[in-house]
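Visitor: I am in my first year and would like a close look at a single part, taken slowly. Could you start with the part where nonpolar residues gather, and then lead me outward from there?

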Amino acid sequence: MESGPMSVDSSALEPPPVPENGASEQTHGGYSRFELELEFVQSLANPQYLNYLASRKFLTNPAFVAYLAYLQYWTRPPYLKYLTFPTASLKMLELLQQEKFRQDIISPDLTMAMIVEGMKTAVEWHREG
Amino acid sequence: MDKDLDRRFDRIEKAISQMIDALAKNHPSEKAAEELLAADVELTEGLKLLETHQNNNARIQQLRQETSLLDTQIRDMASSLWNMRKELKAIPTTPRYPNGTKHQFTTAELLAYARRISRNTLPPPGVTNGVDMSAPQPSTQPPEPEDSFRLQTQPTQTQTPGTSFNLSFNGTVGTPGPMGSALTPNTTTDTQPATQLPPSQPPKPTTEEILPLHLKPTINPLHDASFHPWPTEDKIRSGGLAAIQRLVDRGIDPRGHDPAEEERKLREAEQAKRDAEERARQEREEAERRMREERERMARERERARQMEGAGAGLDRRDSVAAFGRAAQKPKQFTFLGADDDDDDDEDD
């Protein structure tokens with residue numbers, strides 16, 4: 001992934017089409033763009049993965065930041081309903097639009113805090129309600 | 001009204017005084033008496049009029065009171081409406097998509113989605129509640145280090161592989177597991193306030209703990225169950241992006257590359273290769289068979305030629321010919337009908 005040339009112009013502007021009846025165009029190593037971007041946007045929910053991306057200097061790459069902005073189409077229908085980790089994925093996607101968060105997540109302390117908080121929230125949110 | 005009454009009073013007073021004067025002069029006047037009577041009637045009418053007036057006035061007062069009361073009510077209502085409006089306006093609206101298009105969905109879709117995400121948004125009840133395991137049950141037994149009801153996170157990239165930590169949940173309080181406090185160097189223990197910990201609650205050894213390890217899952221389906229509100233590292237590593245990374249590592253451009261298609265092509269190529277080999281083998285065998293037949297045919301021809309020669313040469317060579325014939329007949333036994341056919345063909349010729 002890091003070996004590929006990344007420029008702001010290289011990212012696709014239109015969200016991929018939603019697969020209908022399970023059939024989709026598999027053009028990237030046997031996967032469709034829809035599948036890969038869905039997988040990626042959900043992987044972003046994992047704080048450790050974000051920390052890894054930050055440590056590999058992805059989060060400071062303008063092209064990558066543009067890609068993160070582009071990925072916001074997952075917050076809207078009809079894409080929204082395909083997220084199986086909706087809470088964490090959407091929150092992380094929202095946080096990732098902020099430059100400060102993109103810089104801070106490289107800290108292992110913040111990563112660990114997010115893991116612990118995320119776990120606690122996932123366990124306790126329904127108790128409050 | 002007052003003036004009118006005053007006038008009537010004046011008139012009756014005047015009539016009375018005239019009457020009194022007339023009586024005093026001992027000269028009763030009929031005219032004065034009539035005047036007094038008329039004045040009295042007039043006064044009575046005036047008083048009646050006054051009564052009506054007073055009643056009307058009272059009614060007016062009452063109505064005014066009612067009006068003012070209703071006015072107050074209206075004002076109150078208006079002000080409360082205004083307050084309510086102000087409150088409504090003060091409620092912060094959702095900043096995004098305030099007037100966005102509404103997206104239709106059916107109850108079935110909603111339920112299907114809820115079922116799909118439920119395992120990722122809420123841990124199974126036994127995992128967090130800890131059921132009997134975390135209930136305060138004083139015991140002398142030390143707690144088992146490998147608590148089966150636990151939440152486990154993956155070790156981070158930057159840490160050594162051994163630094164995993166457990167989060168076991170006692171009721172509502174998250175406490176660092178024994179492994180976590182020993183191995184996790186940083187915020188895990190800091191963010192889990194130790195002050196909230198209930199006093200040491202070593203769980204009573206249950207059937208599950210007494211059982212050998214491999215039997216535990218049979219009585220507790222949640223044994224070793226873990227919950228993560230996000231995809232775990234191994235899931236990410238086994239996903240499509242990782243597959244593409246492996247392709248890139250192998251120097252293959254994933255764009256337009258389909259492993260299934262490639263495999264199919266590879267299989268086809270292998271099949272074609274196998275087919276070609278099979279064909280080549282068959283051809284080779286066919287050629288060998290033809291060559292063998294050719295050789296046998298030639299051998300038979302030679303033998304026949306010798307027999308012809310032998311017949312013409314005389315009896316002195318019969319023994320040797322017979323010996324040769326016996327030797328030559330041996331392979332003939334293997335040629336079966338072929339030899340006869342050949343002979344027939346020869347005779348036909």
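**The core and its surroundings**

Guide: In this predicted model, the largest nonpolar core is made of 22 residues, and those with the most contacts inside it are A:Leu44, A:Leu50, A:Met92 and A:Leu93. Three helices of chain A, namely H1 (33-43), H2 (47-55) and H4 (86-95), each supply at least two residues of this core, and H2(A) gives the most to it, with five residues. In soluble globular proteins, nonpolar side chains tend to be buried together.

Take A:Met92 as a place to stand: if its neighbours within four places in sequence are left aside, A:Met92 is in contact with A:Leu44, A:Ala45 and A:Leu50. A second, separate core of seven residues includes A:Met114, A:Val116, A:Met119 and A:Ala122.

It helps to set these cores against the chain as a whole. Chain A has six helices and zero strands, so that, by the way helices and strands are assigned, its pattern read along the sequence is α-α-α-α-α-α. Of its 129 residues, 34% count as buried, and among the contacts in chain A between residues at least 6 apart in sequence, 64% join residues at least 24 apart.

Beyond H2(A), the loop that leads to helix H3 (62-70) of chain A holds A:Lys57, a residue other than glycine whose phi is nevertheless positive, near 65°. Most residues other than glycine have a negative phi. A:Lys57 counts as exposed because 11 other C-beta atoms lie within 10 Å, where the cut-off for an exposed residue is 12 or fewer.

Chain B offers a useful contrast for study, beginning with its helix H2. This helix covers residues 30-90, has 61 residues, and reaches 88 Å from its first C-alpha to its last, close to the 90 Å expected at 1.5 Å a residue. H2(B) is hardly covered, since the count of buried residues among its 61 residues is three, and the buried ones are B:Ala32, B:Ala39 and B:Gly46. These buried residues pack against helix H1 (2-24) of chain B.

Looking from the other side, H1(B) has 23 residues and reaches 32 Å from its first C-alpha to its last, close to the 33 Å expected at 1.5 Å a residue. Its buried residues are B:Arg8, B:Ile12 and B:Ala15, and they pack against H2 of chain B. An α-helix has 3.6 residues a turn, so residues three or four places apart point the same way. Just after H1(B), B:Asn26 takes a positive phi of about 60°.

Finally, the confidence of the prediction should be kept in mind while reading chain B, whose mean pLDDT is 71, with 59% of its residues reaching 70 or more. Within chain B, confidence is highest in H2(B), at 92, and lowest in strand E3 (residues 173-176), at a mean of 36. Over residues 130-201 of chain B, pLDDT stays under 50, and for these residues the model has 125 contacts beyond four places in sequence. Over residues 345-349 of chain B, pLDDT also stays under 50, and there the model has zero contacts beyond four places in sequence. For the model as a whole, the scores are ipTM 0.73 and pTM 0.46.

How values were computed:
Residues numbered from 1 in each chain as written. Chains lettered and ligands numbered in written order. Predicted model: local features only at pLDDT ≥ 70, side-chain atom pairs only at ≥ 80, totals over all residues. Core = buried A, V, L, I, M, F, W, Y, C linked by C-beta atoms within 7 Å. Buried ≥ 20, exposed ≤ 12 C-beta atoms within 10 Å, placed from the backbone. Helix = DSSP H or I, 4+ residues; strand = E, 2+ residues; numbered from the N terminus. Contact = placed C-beta atoms within 7 Å. Expected span 1.5 Å × (residues − 1). pLDDT = per-residue confidence, 0-100.
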